[in-house]
Amino acid sequence: MLKHYKDFLREKTGRYLMGIFLLLLVDSIQLFVPQVLKTYTDKLEASQIVMGEIWKIAAVIGALAILMAILRYLWRIMIVFTALEFEIWTRKKLYKHWTALPREYFNGVKTGELMSYATNDIGTIRRTFSGGVIMGVDAIFMTITTVVVMGTTIDWKLTFFAILPMPFIVYGVLHMGKIVHDKFRRVQEIFSQLSDKVQESFSGISVIKAFSQEELDLDDFEQINELNFNENMSLAKFQAKLYPTVRFIGRSSMIIGVILGARAVLNSTISLGDYVAFIKYLEILVWPVMAIGMVTNLIQRGLASMGRVNDVLDVNSNLKDSDNPKEAQGYNLEVKGLSFSYPGVNERALEDISFNLKEGGSLGILGPTGSGKSTLVSLLLRLYNIPQGSVYLGGQDINELSVKDTRDIFAMVPQDNFLFSTEIINNISLSDKEPNEDRVIQAAKDAQVHDEIMDFPQGYETFLGEKGVNLSGGQKQRTSIARALYKDSPILIFDDSLSAVDTKTEEAILRKLRVELSKHSSIIISHRISTLQNLDEIIFLDQGRIVERGSHEELLALGGRYYSIYEKQLLEDKIRGAGYESI
């Protein structure tokens with residue numbers, strides 16, 4: 001259960017042990033106070049005490065109270081603060097682990113579930129390592145030592161009868177622990193579903209409004225919210241029965257102690273001071289015994305959450321990386337007979353793909369939706385494992401390079417043009433820790449988005465909403481292009497990156513980009529032939545296979561599918577030019 005946390009626990013064990021030692025010291029002082037009261041009461045009953053001794057006893061009790069307050073502050077720093085550090089450490093470890101997992105993992109996990117792991121579950125683990133440790137140590141130590149002190153300094157028979165109900169508490173709590181564990185795990189799972197529903201609805205709020213589905217979406221939310229309420233109520237009802245029962249049994253010990261203790265005093269078996277100390281010890285004992293219930297509940301919650309987090313940390317990345325990575329000797333990209341199927345899918349997404357992109361050259365990829373264009377790009381970026389001997393970069397099998405070095409060689413403009421909720425300058429300079437403002441501006445100019453950025457009141461310091469919601473589709477695409485140009489990698493990949501701009505803007509961008517593209521190798525995926533026609537080579541993909549290849553002129557000469565698309569797009573351009581866009 002703790003295998004993923006050994007590094008932290010090994011480093012912080014000393015602080016935990018020091019905190020526990022201080023906690024036990026406070027508990028020991030608490031056990032000394034009834035002895036002071038015992039002596040004071042016996043002397044008071046025998047009229048053998050003077051006012052000076054009363055002040056002395058009061059001073060001792062006051063000094064002990066101050067000492068305990070200081071020690072409590074210190075052990076809280078040692079334990080509670082360390083638990084907070086543990087929470088931060090675990091969240092960082094989880095996040096780092098996620099970033100190392102392949103994309104296929106995230107295809108099967110919802111965002112809300114991931115958020116639940118990083119917030120609710122880790123917070124519960126932290127409470128277990130703070131409150132759970134404190135109450136657990138406190139309960140065990142105080143229970144054992146209090147019983148021993150009561151039996152040895154007062155009367156062992158009286159102690160035996162007074163604590164008779166307490167084993168029932170331990171048995172009941174341990175028996176009910178598994179029920180709490182299962183119920184809390186269910187609560188966490190439902191909370192994950194609730195988080196995912198909220199995240200998905202707000203991400204797609206424009207679609208919900210466009211289709212007037214607010215009421216239906218609210219109904220879906222209410223169903224999950226009601227389920228979340230019912231599961232939490234089930235847990236709360238169970239705890240509501242557990243805690244009062246534990247408290248009642250704990251108080252029954254006090255009732256037995258009061259009755260039997262008074263009887264012992266009347267029979268002169270024990271002194272009045274013994275009786276006062278005995279009742280005080282019972283008061284002290286009631287808390288740790290009742291705390292057993294809370295500790296068990298807290299630990300079971302923590303184990304449930306730790307189990308969920310461990311399930312994530314147990315997922316190993318199947319993305320292969322080189323143990324002894326080599327360096328690419330140049331940036332010539334050669335693909336030889338590449339075939340690929342997605343994990344768990346028998347049908348091949350790519351079949352026998354071959355091409356050679358020379359350093360400084362350009363390649364265009366055209367094809368219908370689902371033909372394998374984006375799959376090919378994902379493989380080049382090492383988002384999935386690549387078959388040995390099928391892709392070479394600078395003469396080296398790409399599998400012999402490190403994943404990081406491979407991705408540094410490429411700069412990509414993806415289809416979805418994802419932008420982060422930060423300033424525009426930080427989105428463009430994503431590949432740099434410290435933005436170079438001059439390079440940011442130049443990249444934006446080359447992407448034909450500089451003037452529009454400057455139209456914003458805060459220019460490049462404009463803060464973007466979630467996924468760049470305050471930019472138009474075309475502005476987001478051009479900002480993504482600027483981000484790729486800023487990275488200045490040897491090979492640029494444009495995955496249908498100009499689909500959201502009009503033909504006139506596209507031509508302006510391409511004219512500006514030709515200078516930049518001449519400095520790099522480039523792979524451009526597009527549905528528009530106008531975007532591809534000046535490239536060195538164009539391949540036409542369909543159902544994962546290359547069905548046509550050649551330069552623009554060679555493909556037209558074939559008179560095949562490329563030619564048909566060209567004729568169709570040429571006719572559409574003529575219609576738009578004649579002012580018949582509405583046809």
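Which residue in S2 does Leu 333 stand opposite? That pairing comes up in the first close-up below, and all the views show a predicted model.

**View 1. S1 sits between two partners in an antiparallel sheet.**
Here we look at an open sheet of 4 strands, laid out in the order S2-S1-S4-S5, with antiparallel pairing. Back to the opening question: Leu 333 faces Leu 357 in S2. S1 (333-340) and S2 are joined in the antiparallel sense by 5 bridges. On the other pairing, S1 meets S4 over 3 bridges, again antiparallel, and here Val 335 stands opposite Val 391. In general, the strands of a sheet pair through backbone hydrogen bonds, in either a parallel or an antiparallel way.

**View 2. The sheet runs out at S2 and S5.**
Strand S2 (350-357) and strand S5 (396-397) are the edge strands, and each of them pairs on one side only. S5 is held to strand S4 (residues 391-393) by 2 bridges, with the two strands running antiparallel. Look for Tyr 392, whose bridge partner in S5 is Asp 397. Then there's helix H10 (373-380), which lies across S1, S2 and S4 and runs at about 115° to S1.

**View 3. A mixed sheet of 6 strands.**
The order in this open sheet is S6-S7-S8-S3-S9-S10, and the pairing is mixed. Why is one side of S6 and of S10 left without a neighbour in the sheet? Strand S6 (410-413) and strand S10 (545-550) stand at the edges and have a single partner strand each, so one side of each has no neighbouring strand in the sheet. On average, neighbouring strands of this sheet are turned by 15° against each other, if you ignore direction.

**View 4. The S6 edge, with H15 lying across it.**
S6 and strand S7 (residues 491-495) run parallel and are joined by 4 bridges. One pair to pick out is Met 412 with its bridge partner in S7, Ile 493. Helix H15 (residues 473-487) lies across both S6 and S7, and runs at about 175° to S6.

**View 5. The largest pocket and its 47 lining residues.**
This pocket has a volume of about 2700 Å³. Which residues lie nearest its centre? Those are Arg 103, Leu 383, Phe 418, Phe 420 and Leu 430. Several elements chip in with at least two lining residues each, among them helix H2 (51-100), helix H3 (103-107) and helix H4 (111-153). Helix H11 (403-409) does so too, and so do H10, S6 and H15, which ties this view to the helices and the edge strand shown above. By residue type, the lining divides into 24 nonpolar, 10 polar and 13 charged.

**View 6. A cavity with no charged residue in its lining.**
The count comes to 1 cavity of 30 Å³ or more, and the largest cavity has a volume of about 70 Å³. Its lining includes Ile 481, Phe 494, Leu 510, Leu 513, Leu 517, Ile 524 and Thr 531. Helix H16 (503-517) and strand S8 (521-525) are the elements that give two or more residues to this lining. H16 supplies the largest share, 3 residues. The lining splits into 8 nonpolar and 3 polar residues, with no charged ones.

**View 7. Confidence along the chain, from H16 to S9.**
The chain has a mean pLDDT of 83, and 93% of its residues reach 70 or more. Where is confidence lowest, and where is it highest? H16 is at the bottom with a mean of 71, while strand S9 (residues 537-542) is at the top with 94. As a rule, predicted coordinates shouldn't be read in detail where pLDDT is low. Keep that in mind when you go back to the cavity view, where H16 gives 3 lining residues.

**View 8. Two positive phi values, at Asp 352 and Gln 543.**
Most residues other than glycine have a negative phi. Asp 352 isn't a glycine, yet its phi is positive, at about 55°. You'll find Asp 352 in strand S2, one of the edge strands of the antiparallel sheet. Gln 543 also has a positive phi, near 55°, and sits in the loop between S9 and S10. S10 is an edge strand as well, this time of the mixed sheet.

How values were computed: Residues are numbered from 1 along each chain as its sequence is written. This is a predicted model: local features need pLDDT of at least 70, side-chain atom pairs count only at pLDDT 80 or more; totals for chains, interfaces and linings use all residues. Side-chain values use heavy atoms; hydrogens and water are left out. Two strands pair if DSSP finds at least two bridges between them. Axes are lines fitted to C-alpha atoms, for helices over the stretch in contact, and angles run from 0 to 180 degrees between N-to-C directions. Contact means heavy atoms within 4.5 Å. On a 1 Å grid over the protein atoms alone, a cavity is a set of points where a 1.4 Å probe fits but cannot get out, and a pocket is an open set with protein on both sides within 12 Å along at least five of seven lines; lining residues have an atom within 4 Å of a point. Grid points are joined across faces, edges and corners, and a volume is the space filled by probe spheres set on the points. Ala, Val, Leu, Ile, Met, Phe, Trp, Tyr, Cys and Pro count as nonpolar, Asp, Glu, Lys and Arg as charged, and the others, Gly among them, as polar. pLDDT is the predictor's confidence in each residue, from 0 to 100.
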